[in-house]
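Trainee: I would like to learn how to read the features of a structure that is new to me, and I would be glad if you took me through them one by one.

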Amino acid sequence: MGGSTSLRGTSVIVAGAGLAGLTAAYELQRRGARVTMVEARNRLGGRVWTRRDGFAEGQHAEAGGDMIDPDQETIRRLAKNLGVTLSPILRGGFAFACQAGRTPGVTRVSEASGLWGELAQAAEPWVRAHRLNERRWDGPIAQQLAGQSVADWLDSIGARGQVRARLNGMRGFFLADPEHLSLLALVDQLATESSVLDHFYRIRGGNDRLATALADTLQEPVQFNTMVRAVAQHRGKVRVTLRRRGGQSHMAADALVLALPATMARRLAFTPPLPAPQRNAFRDLLYGAATKTLLQFDRRFWRRQGKSLAYGTDLSIGAIWDGNEEQQGRGGILTLLAGGSTSRDTKQLLAQGGAEAVAQRLKWLGATKAVLRASCHVAWEEDPFVRGGYAVFQAGYDPEQRAWLSRPHGRILFAGEQTSLRWQGYMNGAVESGLRVAEEVTILLATSRRRLPGGAR
Ligand SMILES: Cc1cc2nc3c(=O)[nH]c(=O)nc-3n(C[C@H](O)[C@H](O)[C@H](O)COP(=O)(O)OP(=O)(O)OC[C@H]3O[C@@H](n4cnc5c(N)ncnc54)[C@H](O)[C@@H]3O)c2cc1C
């Protein structure tokens with residue numbers, strides 16, 4: 001299985017030209033399938049969105065997925081195979097900045113790893129239990145963890161203010177406040193992460209170059225402004241109903257890859273219908289609010305000897321990091337990611353005082369003399385094709401539903417960051433899900449060929 005020509009003579013529709021769909025299409029075509037890609041937007045990449053418009057000095061920054069972790073080998077290998085280069089960034093990793101006591105406007109900066117260590121220690125009994133459960137999202141251990149919020153747990157252990165602040169500082173990572181985030185999501189993270197990361201990568205020239213490089217390998221161009229509305233399976237074929245600018249149309253193939261966020265997949269009409277637990281798994285999954293603000297200043301005031309290039313914060317403007325250190329120019333772009341309730345705070349700030357008001361909140365970082373030259377922001381919860389940043393496992397989400405997010409439904413296979421166990425919420429998770437789904441299609445179509453004499457379908 002999985003040989004390079006094992007899908008010759010088959011046809012596959014891939015819906016969603018984010019990294020999951022594009023990777024699936026690339027791999028399916030490599031294996032010999034005829035691939036047709038449809039995408040609701042008028043661009044590639046989905047939640048990978050490099051913004052180039054409006055910035056001076058030819059600079060750019062990421063409005064969606066930005067950092068690649070050193071141990072995300074699948075995306076790194078894919079990039080290498082496609083001739084896309086990675087630049088190391090954010091050496092030294094993230095520091096932590098928090099509101100200093102009750103004094104408004106004063107921010108104290110500390111090392112991130114100390115507080116993270118304290119948190120890990122407090123959670124150790126649960127981390128141990130979760131590891132005993134082999135990190136499964138079923139059974140009584142997972143149920144117990146999933147039923148409570150991180151905030152409830154912090155109350156139960158009498159956590160000190162700094163540790164609570166550190167978790168508020170994770171809103172830019174989990175895209176949820178401790179009041180909403182399931183303790184299982186936090187414990188799962190703690191059980192996986194061996195240490196606080198001290199460097200990352202991003203793609204030279206923009207992360208969208210990976211999406212473009214994948215699309216460039218496809219024989220059929222991606223069909224943009226084309227939205228899947230309904231899917232029906234009948235006699236070994238999948239028939240897809242599409243909405244385009246010109247109206248409605250249909251397309252049929254041997255298999256369909258749905259590489260869409262669950263928020264979009266749950267709107268489709270399936271014939272035969274999805275099993276009830278799968279429907280519920282899609283229906284109940286939350287997507288976290290996330291506003292990314294990109295601020296271009298005339299100088300990189302945050303670059304100072306001994307200072308960090310990245311900060312998790314408990315401030316209402318969210319996490320902050322150097323958005324384009326690998327690019328040339330006197331100016332530079334700061335990236336702010338406000339997740340959970342801070343997304344609303346940031347949008348309010350932007351509505352009241354524009355990007356200048358956000359920049360005003362960066363005085364502690366040395367912004368006083370810098371001039372704001374350009375800015376843009378994206379509130380992902382307002383994006384019609386995702387309705388949030390990425391999947392959030394909220395307190396009360398039944399952990400046994402998680403397995404249903406990636407389970408095939410006949411000839412329909414599901415990909416996307418939300419289906420990844422190890423790398424949910426990451427570009428790497430999207431890429432890995434694309435490869436998984438290509439393997440699943442290969443097995444599915446080989447099996448269905450064998451069932452009929454002479455391999456006829
Ligand atoms: C603000 C933010 C910051 C992030 N930061 C990082 C980071 O630093 N590092 C990291 O690794 N990851 C990060 N991520 C996550 C990463 O971007 C995603 O996990 C990944 O890009 C998701 O890819 P995907 O292919 O699963 O989904 P998507 O990229 O959402 O692709 C799905 C595609 O399907 C299309 N679509 C939707 N409905 C339909 C329909 N009915 N018919 C046809 N097409 C449809 C959409 O338009 C979209 O193009 C971040 C995400 C956000 C939002």
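Mentor: We will go through strand pairing, backbone angles, salt bridges and a surface patch in turn, keeping in mind that this is a predicted model.

Trainee: Let us start with the strands, then. In which sense do strand 9 and strand 10 pair, and over how many bridges?

Mentor: A general idea helps when looking at any strand: in a regular strand the side chains alternate between the two faces of the sheet. In the present case, strand 9, which covers residues 227-234, and strand 10, which covers residues 237-244, pair in the antiparallel sense over seven bridges. To find the register, you can look at Ala-230, which stands opposite Thr-241 in strand 10, and at Ala-232, whose bridge partner in strand 10 is Arg-239.

Trainee: How many residues lie between the strands in the hairpin of strand 9 and strand 10, and which residue there takes a positive phi?

Mentor: There are two residues between the strands in that hairpin, and Arg-235 takes a positive phi near 50 degrees.

Trainee: What does strand 10 do with strand 11?

Mentor: Strand 10 pairs in the antiparallel sense with strand 11, residues 247-253, and seven bridges are found between them. A hairpin of two residues joins strand 10 to strand 11, and within this pairing Val-240 has Met-251 of strand 11 as its bridge partner.

Trainee: And do strand 9 and strand 13 run parallel or antiparallel?

Mentor: Strand 9 and strand 13 run parallel, and three bridges join them. Val-231 is a residue to look for here, since its bridge partner in strand 13 is Phe-270.

Trainee: Now to the backbone. Which two residues are joined by a cis peptide bond?

Mentor: The cis peptide bond joins Thr-271 and Pro-272, with an omega of about -10 degrees. Pro-272 has its place in the loop between strand 13 (269-271) and helix 12 (276-284).

Trainee: Where does Asn-225 lie, and is it buried or partly exposed?

Mentor: Asn-225 lies in the loop between helix 10 (208-216) and strand 9, and its phi is positive, at about 50 degrees, although Asn-225 is not a glycine. Asn-225 counts as partly exposed because its relative accessible area is 24%, and the buried class ends at 20%.

Trainee: What is the phi of Glu-57?

Mentor: Glu-57 is not a glycine either, yet its phi is positive, at about 60 degrees. You will find Glu-57 in the loop between strand 3 (50-51) and strand 4 (61-62), where its relative accessibility of 39% makes it partly exposed.

Trainee: I would also like to understand the charged pairs. How many salt bridges does the count come to?

Mentor: The general idea is that side chains of opposite charge can pair when their charged atoms come close. Here the count comes to 25 salt bridges, and one of them brings us back to Glu-57, whose side chain meets that of Arg-373 at 3.2 Å, N to O. Because Arg-373 lies in strand 19 and Glu-57 in the loop between strand 3 and strand 4, this pair ties together parts that are 316 residues apart in sequence. Arg-373, with a relative accessible area of 45%, is partly exposed.

Trainee: Which residue forms a salt bridge with Asp-188?

Mentor: Asp-188 forms a salt bridge with Arg-135, and their closest N and O atoms are 3.2 Å apart. This pair links distant parts of the chain, 53 residues apart, with Asp-188 in helix 9 (residues 183-192) and Arg-135 in the loop between helix 4 (124-132) and helix 5 (139-146). Asp-188 is buried, as its relative accessible area is 9%, whereas Arg-135 is partly exposed at 28%.

Trainee: Are Arg-31 and Glu-27 buried or exposed?

Mentor: Both Arg-31 and Glu-27 are buried, and they form a salt bridge in which the closest N and O atoms are 3.0 Å apart. Arg-31 and Glu-27 also belong to a network of salt bridges, in which they are linked with Arg-30 and Glu-439.

Trainee: Finally, which residues form the positive surface patch?

Mentor: The positive surface patch is formed by Arg-229, Arg-243, Arg-266, Arg-267 and Arg-387. Taking Arg-387 as the example, you will find it in the loop between strand 19 (372-379) and strand 20 (391-392), and its relative accessibility of 37% is the reason why Arg-387 counts as partly exposed.

Conventions. Residues numbered from 1 in each chain as written. Predicted model: local features only at pLDDT ≥ 70, side-chain atom pairs only at ≥ 80, totals over all residues. Heavy atoms only, no water. Patch = residues over 30% accessible without salt bridge, like charges linked within 9 Å, V, L, I, M, F, W, Y side chains within 5 Å. Areas by Shrake-Rupley, 256 points an atom, 1.4 Å probe, with all protein chains shown as cover. Salt bridge = Lys/Arg side-chain N within 4 Å of Asp/Glu carboxyl O. Lys, Arg positive; Asp, Glu negative; His and termini not counted. Charge placed at Lys NZ, Arg CZ, Asp CG, Glu CD. Helix = DSSP H or I, 4+ residues; strand = E, 2+ residues; numbered from the N terminus. Buried < 20%, exposed > 50% of the residue type's maximum accessible area, 1.4 Å probe, protein only. Pairing = 2+ DSSP bridges.
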